[in-house]
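This report describes the architecture of one protein chain. It takes up the helices, one pocket and a few individual residues in turn.

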Amino acid sequence: MDELKLIEAVFAEPEPSPEAAAKGRDRLLRLTRASRPDRPRRRWLAALSIRRVALAGAMAVLLTGGIIAAQVSLGGSDPGTSGHLLAAPPADAEALLTLAARAAAGRPDTVPARGQYVHTKTLAQHSLHTKDESGRTLATKVMVSQERWEAADVGRPWLSRSRNLSATGPAPRKYWDRGVEDIVYEPGACPGRPAYARLGAWPTDPARVRAKIVAGTGEEPLRVWHSLQSLVRESVVRPSLGAALYQVAAGLDGITLIGDAVDAAGRPGLAVAMDEGNGTRSELIFDRTTYHYLGERTVTTRDRTVETPTGGDYTEKKGTVTGTAVLTVDLAPALPEVSPKASRMKIPC
């Protein structure tokens, strides 16, 4: 009897009923008893069992590999799906920006009614420079809560509110803990144009957006990058424009992918970076899974000497980080109550 043919037949036939399986088992036992002594028969049955287990295991591996491969190919899929959880990270900065553009295009723009305010809340980290008794400049890292209420239309006041939350460094508390600081921006001879009104006139076609930027900056990649940074910061109220900005950024020479960025709020992300040429790199940070914009930061890539606002030079160490994280963007019907000690300024033109 050809045992291999018998094994092939076992796997070639459809799954039998319990009755058919019992009859087949009895027939197999009769044939094997007649053809071989007891010991070889047991060895053959053991081999058959091992072959079935091995084949089942191989099939499981193949199926699992196929599932994982299918899921990995779904990079950028919706959160909560298996494809989203197992998606491979973007291979480069261009791929990350493409995913960020796709994510932004799927979000609705914030559309305020007349008289409403666009309210943004951010968390920033920056360096406060002070001097010791010898005149040496010292740096303290300060975490700042910032809020801004900007009118959706012209001719209305704005409000900027900040409070230093914590500090790490030598500066005494009196230098950085000043409570809530309000700045009211009032209309003047030049009413200015709020970000929402100004950005509302921008196109959302990437080619037209790039042409508009280049008209003001020229073709030099670093200058285009700086303009994009500013526009991305403001366009949190208009994701449709943000999507076009990311596509423009994806075409810049010199952009790189940073796989372990963290924003000012401590949220892990992926970043697209540009070398500033002065010992720093500037980054746009995106959520690792949704690819939504989280904020921006600047990282010192080597020890460098900088001139501080207090006067004098200061050695900024490699790894120093400053930046801003966007926490919320919503609409408010009016300005909140303003501090009686608020500073007053004119809305910039």
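A residue counts as buried when its relative accessible area is under 20%, as exposed when that area is over 50%, and as partly exposed in between, with a 1.4 Å probe and protein chains only. The model is predicted: local features need pLDDT of at least 70, side-chain atom pairs count only at pLDDT 80 or more, and totals for chains, interfaces and linings use all residues. Residues are numbered from 1 along each chain as its sequence is written, and side-chain values use heavy atoms, with hydrogens and water left out.

## Overall composition

The secondary structure comprises 10 helices and 12 strands; helices (H or I, at least four residues) and strands (E, at least two) are DSSP runs numbered from the N terminus. Of the 349 residues in the protein, 36% are buried. Among contacts with a separation of 6 or more, 59% join residues 24 or more positions apart, a contact being a pair with heavy atoms within 4.5 Å.

## Three helices

The expected span of a helix is 1.5 Å times one less than its number of residues. The table sets out three helices on this basis.

| Helix | Number of residues | Expected span | End-to-end C-alpha distance |
|---|---|---|---|
| α5 | 13 residues | 18 Å | 18 Å |
| α9 | 14 residues | 20 Å | 20 Å |
| α10 | 12 residues | 16 Å | 16 Å |

Helix α5 covers residues 93–105. Its buried residues are Ala 93, Leu 96, Leu 97, Leu 99, Ala 100, Ala 101, Ala 103 and Ala 104. The elements that cover them include α10 (239–250) and the strands β5 (255–262), β6 (268–275) and β7 (280–287). At the start of α5, a side-chain oxygen of Asp 92 comes to within 3.4 Å of the backbone nitrogen of Glu 94. This pair is a polar contact, for which N or O atoms must lie within 3.5 Å; within protein, one must be able to donate a hydrogen and the other to accept it, and residues adjacent in sequence count only if both atoms are side-chain atoms.

At the start of α9, a side-chain oxygen of Glu 220 reaches to within 3.1 Å of the backbone nitrogen of Leu 222. Leu 222 is itself buried, and the other buried residues of α9 include Val 224, Trp 225 and Leu 228.

Helix α10 is largely enclosed by the rest of the structure, because 10 of its 12 residues are buried. Among them are Pro 239, Leu 241, Tyr 246 and Val 248. Ala 244 belongs to this helix and is buried, with a relative accessible area of 1%. Its C-alpha lies 6.8 Å from that of Ala 101, although the two residues are 143 residues apart in sequence. Neighbours within four places aside, Ala 244 is in contact with Thr 204, Pro 206 and Val 209.

## The loop after α10

Gly 254 sits in the loop between α10 and β5. Is Gly 254 buried or exposed? With 52% relative accessibility, Gly 254 counts as exposed. Beyond its neighbours within four places in sequence, Gly 254 is in contact with Ala 273 and Met 274. The C-alpha atoms of Gly 254 and Ala 273 are separated by 8.4 Å, and the two are 19 residues apart along the chain.

## The second largest pocket

The second largest pocket holds about 520 Å³ of space. Of its 24 lining residues, Thr 120, Thr 122, Arg 148, Arg 233 and Glu 234 are the closest to its centre. Elements giving two or more residues to this lining include β1 (117–131), α9 (221–234) and β11 (321–332). Strand β2 gives the most, with five residues. A pocket is found on a 1 Å grid over the protein atoms alone, as an open set of points where a 1.4 Å probe fits, with protein on both sides within 12 Å along at least five of seven lines; lining residues have an atom within 4 Å of a point. Grid points are joined across faces, edges and corners, and the volume is the space filled by probe spheres set on the points.

The lining divides into nine nonpolar, eight polar and seven charged residues. Here Ala, Val, Leu, Ile, Met, Phe, Trp, Tyr, Cys and Pro count as nonpolar, Asp, Glu, Lys and Arg as charged, and the others, Gly among them, as polar.

Thr 122 lies in strand β1 and is buried, at a relative accessible area of 13%. Residues up to four places away not counted, Thr 122 touches Val 144, Ser 145, Gln 146, Thr 324, Ala 325, Val 326 and Leu 327.

## A positive phi

Most residues other than glycine have a negative phi. Tyr 291 has a positive value, near 65°. Tyr 291 is in the loop between β7 and β8 and is buried, with a relative accessible area of 5%.
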